[in-house]
Amino acid sequence: MSVIVAVVENRRVRMGSDGAISSEDYIAELREPKIFRFGKVLMGCAGSLRCAQVIKHGPSPRPPTYREGSAHYIITGVVPAIRQIFRETDAPMDDFEALVGFRNRIFEITPRTFAVIEIKEDYAATGSGYLVALGSLASTMAMKDGERRLLRALTATAKHCPTVSEPFYTTLLR
């Protein structure tokens, strides 16, 4: 599995991930990060690597309208695009967790039901190491540097979760 972390920094979303892929008895480094642009959103995927690949290389969701609210766009634009990609491929819909950054907000898309949860805090985490990452992010709330917060969370998670490993990647949604 893996860990995906996100923070809101200066009204923009910054996201990070580890760079490992693992199974019960194997861990290897990936060449590409688990975070990527998907149309107008920043997305980080944990779980099945196949799910992340088909989303990343599939058709982008429709662009948001000028007056469309952030949650409305994720629910009616991004999620239907992901579901359509999954229907057209062999990706397993039940082994997929994602964080989505859009404008200055963080959302979680749940596996199986594709429910959209808007995170109230200015930080979020998902994946096998999410509890360690959330603890780290909560303890660094006073820090202004979002990238440092993410790297601390990823480092702490790699230390305490055997399925999380360097390299670490971070990206800012512009």
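This is a short talk on one sheet, the helices across it, and some side-chain contacts in a predicted model.

I'll start with the sheet. It is open and has four strands, in the order β10-β1-β2-β11, and the pairing is antiparallel. As a reminder, strands of a sheet pair through backbone hydrogen bonds, either parallel or antiparallel. The edge positions belong to β10, residues 123-127, and β11, residues 168-172. Each of those has a single partner strand, so one side of each is left without a neighbour in the sheet. On average, neighbouring strands here are turned by 15° against each other, with direction ignored.

Take the β1 and β10 pair in a little more detail. Strand β1 covers residues 3-9, and five bridges join β1 to β10. If you want one pair to look at on the screen, Val 5 has Ala 125 in β10 as its bridge partner.

Two helices lie across this sheet. Helix α3, residues 130-139, lies across β1 and β10, and runs at about 165° to β10. Helix α4, residues 146-160, lies across β1, β2, β10 and β11. The angle between α4 and β1 is about 160°.

After α4 comes a loop that leads to β11, and Thr 163 is found there. The side chain of Thr 163 makes a polar contact of 2.7 Å with the side chain of Ser 128. For a sense of scale, take Thr 163 and Phe 102, which are 61 residues apart in sequence. Their C-alpha atoms are 28 Å apart in space.

Now to the residue I spent some time on, Asp 18. Asp 18 is found in strand β2. Is Asp 18 buried or exposed? It is buried, because its relative accessible area is 0% and the limit for buried is under 20%.

What does the side chain of Asp 18 reach? One answer is the backbone nitrogen of Ala 20, at 3.4 Å. The backbone nitrogen of Ser 165 also lies 3.4 Å from a polar atom of the Asp 18 side chain. Leaving aside residues up to four places away in sequence, Asp 18 touches a list of residues that includes Ser 2, Val 3, Leu 154 and Phe 168. Thr 163, from the loop I just described, is also one of the residues touched by Asp 18.

Lys 34 is in that contact list too, and with Lys 34 the side chain of Asp 18 forms a salt bridge, the closest N and O atoms being 2.9 Å apart. Asp 18 is in β2 and Lys 34 is in the loop between β4 and β5, so the pair ties together parts that are 16 residues apart in sequence. Lys 34 counts as buried, at 8% relative accessibility.

How many salt bridges does the structure hold? There are seven, and I will show two others.

One is between Lys 56 and Glu 32, at 2.9 Å from N to O. This pair links distant parts of the chain: Lys 56 sits in helix α1, residues 49-56, and Glu 32 in the loop between β4 and β5, 24 residues apart. Lys 56 counts as partly exposed at 27% relative accessibility, and Glu 32 counts as partly exposed at 43%.

The other joins the side chains of Asp 90 and Arg 50, at 2.8 Å from N to O. Asp 90 lies in the loop between α2 and β7, and Arg 50 lies in helix α1, so this salt bridge ties together parts that are 40 residues apart in sequence. Asp 90 counts as exposed, at 59% relative accessibility, while Arg 50 is partly exposed at 35%.

Last, the cysteines. The structure holds zero disulfides. Why does Cys 51 form no bond with Cys 45? Because the sulfur of Cys 51 is 7.7 Å from the sulfur of Cys 45, its closest cysteine sulfur, and that is too far for a bond. Cys 51 is buried, with a relative accessible area of 0%.

For Cys 161, the closest cysteine sulfur is again in Cys 45, at 18 Å, which is too far for a bond. Cys 161 counts as buried as well, at 10% relative accessibility.

That is the end of the talk, and I'll take questions.

Technical notes. Residues are numbered from 1 along each chain as its sequence is written. This is a predicted model: local features need pLDDT of at least 70, side-chain atom pairs count only at pLDDT 80 or more; totals for chains, interfaces and linings use all residues. Side-chain values use heavy atoms; hydrogens and water are left out. Two strands pair if DSSP finds at least two bridges between them. Axes are lines fitted to C-alpha atoms, for helices over the stretch in contact, and angles run from 0 to 180 degrees between N-to-C directions. Contact means heavy atoms within 4.5 Å. A polar contact is a pair of N or O atoms within 3.5 Å; within protein, one must be able to donate a hydrogen and the other to accept it, and residues adjacent in sequence count only if both atoms are side-chain atoms. Buried means under 20% relative accessible area, exposed over 50%, partly exposed in between (1.4 Å probe, protein chains only). A disulfide is a pair of cysteine sulfur atoms within 2.5 Å. A salt bridge is a side-chain nitrogen of Lys or Arg within 4 Å of a carboxyl oxygen of Asp or Glu.
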